[in-house]
Amino acid sequence: AQGSSHPRSRAILAAAKSRGLLLPAVDQIRELPGHGVTATQGATALRLGRADWAAGDASGETILAQDSRVIARFGFDDTLRPGAAEMVQAFAKAGVRVTLISGDQPAAVAATARAAGITDWQAQILPEGKVAAVQAMTAAGAKVLMIGDGLNDTAALASAHVSVAPASALEASRVAADLVLLSPDLGNVAAAFRLAISARRRILENFAVAAVYNAVAIPLAFLGFASPLAAAIAMSSSSIIVSLNALRVR
């Protein structure tokens, strides 16, 4: 767990330290996205992660296996990030489809989806499955906004039309994301979405203002009806109108 940035690995490590447990030295720590962590202790091979991957166990738990033999099982209670439910509500109100895609077990994913108010969810999805889901949505004509924080999310973040990672996310996720939230509150994602919609509307309005101005001013100037002073005033007025309209985004 010391060699992993996964939230469950961090939780296991924090629990061990809080109990004053002696942490034995291990070597060759390697994290496999979507599966878990491998290491060696002398001639012993260790695996921490998905039960089916670590020891061929069908329990669906997070386990620690020694030479494919289960030696510990871990239970977790997941909690929503601040603002997650509010973000889902805001997207639903705006008519945006929200899908939860997770590598966790169905029971855990269902509970999280229920708490967040998400009806469309998928469980036990490996990193390549997340990428496939994003690509399928894109192929269907959707503009996908992907939010993720783990190593198994990086490829999907890079595949999305727009991607967001919290500041607490793994560095690889932050690098792959288009936006990084400085605040842990996911409600800011909905605020950024509303700001983007408003900004796009103002941009289209300013294009329309510029088009009308040019359609009227250029023929007048070409025909010689506009004096230099009138042209300067008209040009300045157009710039002021466009700038004031852009300020409405705030």
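These notes cover the nonpolar cores, an aromatic pair and a pocket.

1. The model is predicted, so local features need pLDDT of at least 70 and side-chain atom pairs count only at pLDDT 80 or more, while totals for chains, interfaces and linings use all residues. Residues are numbered from 1 along each chain as its sequence is written, and side-chain values use heavy atoms, with hydrogens and water left out.

2. The largest nonpolar core (buried Ala, Val, Leu, Ile, Met, Phe, Trp, Tyr and Cys joined through side-chain atoms within 4.5 Å; buried is under 20% relative accessible area, exposed over 50%, partly exposed in between, 1.4 Å probe, protein chains only) has twelve residues, including Met 87, Phe 91, Ile 118 and Leu 181. Helices α3 (84-93), α4 (106-116) and α8 (187-222) each supply at least two of its residues (helices are DSSP runs of H or I, at least four residues; strands are runs of E, at least two; both numbered from the N terminus). The most come from α3, with four. Another core, of eight residues, lies apart from it and includes Met 137 and Leu 157.

3. There is one aromatic pair (ring centres of Phe, Tyr or Trp, its six-membered ring, within 6.5 Å; planes under 30 degrees apart are stacked, over 60 edge-to-face, the rest tilted). The centres of Phe 91 and Phe 193 are 5.2 Å apart and the planes at 75 degrees, so the pair is edge-to-face. Phe 91 belongs to α3 and Phe 193 to α8, so parts 102 residues apart in sequence are tied together. Phe 91 is buried at 6% relative accessibility, whereas Phe 193 is partly exposed at 27%.
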